[in-house]
Amino acid sequence: MKSLTGFIFLALFALSACASITTGSTQSVAVDTNPSKKCECKLSNDKGVWSITSPSVTTVTKAYSPLVISCQNESGWKGTASVESTTAGAAFGNILAGGIIGGAVDMSTGAAYKYPAQIIVPLHKE
């Protein structure tokens, strides 16, 4: 019985790899604007700033802080959206198996968090 319990514990430990390894500290995010297209957008959080022309996909560094997206175009359309990060599932497995150190690493690198995969920024005309 002890060997079965040991095997189950070892299997659970192996399956609960830390989020830094399984999901990484970056994420692809698709940004679109509504109703106007072809806007210059700036995405920012505590880990950096990224620029794109919508609609587009970019890779951002994940963080606990919100991802703020500001868009505008030459026709006078402007808009801002802010999305909160959520805790990635792999972070919970790491806290259970890897303890405080693994959780701290995931939180500091941003690997413990994720943003929505698609963000639509509502625009208004000034």
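A disulfide is a pair of cysteine sulfur atoms within 2.5 Å. Keep that cut-off at hand for the exercises below, which work through a predicted model.

**Exercise 1. Work out which bonding partner, if any, each of Cys39, Cys41 and Cys71 has.**

*Solution.* Start with Cys39. Its closest cysteine sulfur belongs to Cys41 and lies 5.7 Å away, which is too far for a bond. Now turn to Cys41 and Cys71: their sulfur atoms are 2.1 Å apart, and the two residues form a disulfide. To finish, check the total: the structure holds one disulfide.

**Exercise 2. Find the handedness of the disulfide between Cys41 and Cys71, and say which parts of the chain the pair links.**

*Solution.* Look along the S-S bond first. The torsion there is about 115°, so the disulfide of Cys41 and Cys71 is right-handed. Next, place the two ends: Cys41 sits in strand 2 (residues 40-45) and Cys71 in strand 5 (residues 67-72). With their positions 30 residues apart, the pair links distant parts of the chain.

**Exercise 3. Decide whether Cys39, Cys41 and Cys71 are buried or exposed.**

*Solution.* The cut-off needed here is that buried means under 20% relative accessible area. Cys39 has 0% relative accessibility and therefore counts as buried. Cys41 and Cys71 are buried too. For the wider picture, 37% of the protein's 126 residues count as buried.

**Exercise 4. Describe the largest nonpolar core: which residues touch the most other members, and which strands supply it?**

*Solution.* Begin with the members. The core has 18 residues, and those touching the most other members are Val31, Cys41, Leu43, Leu67, Ile69, Cys71 and Val121. Both disulfide partners, Cys41 and Cys71, are thus on that list.

Then go through the strands. At least two core residues come from each of strand 1 (26-34), strand 2, strand 3 (48-53), strand 5, strand 6 (77-83) and strand 9 (118-122). Strand 5 gives the largest share, three residues. As background, nonpolar side chains in soluble globular proteins tend to be buried together.

Finally, zoom in on Val31. Beyond its neighbours within four places in sequence, Val31 is in contact with residues including Cys41, Leu43, Ile69 and Val121.

**Exercise 5. Summarise the fold: how many helices and strands are there, and what share of the contacts is long in sequence?**

*Solution.* Count the elements: the protein has three helices and ten strands. Their order along the sequence is α-α-β-β-β-β-β-β-β-α-β-β-β. Last, take the contacts with a separation of 6 or more: 66% of these join residues 24 or more positions apart.

Terms used:
Residues numbered from 1 in each chain as written. Predicted model: local features only at pLDDT ≥ 70, side-chain atom pairs only at ≥ 80, totals over all residues. Heavy atoms only, no water. Helix = DSSP H or I, 4+ residues; strand = E, 2+ residues; numbered from the N terminus. Buried < 20%, exposed > 50% of the residue type's maximum accessible area, 1.4 Å probe, protein only. Core = buried A, V, L, I, M, F, W, Y, C linked by side-chain atoms within 4.5 Å. Contact = heavy atoms within 4.5 Å.
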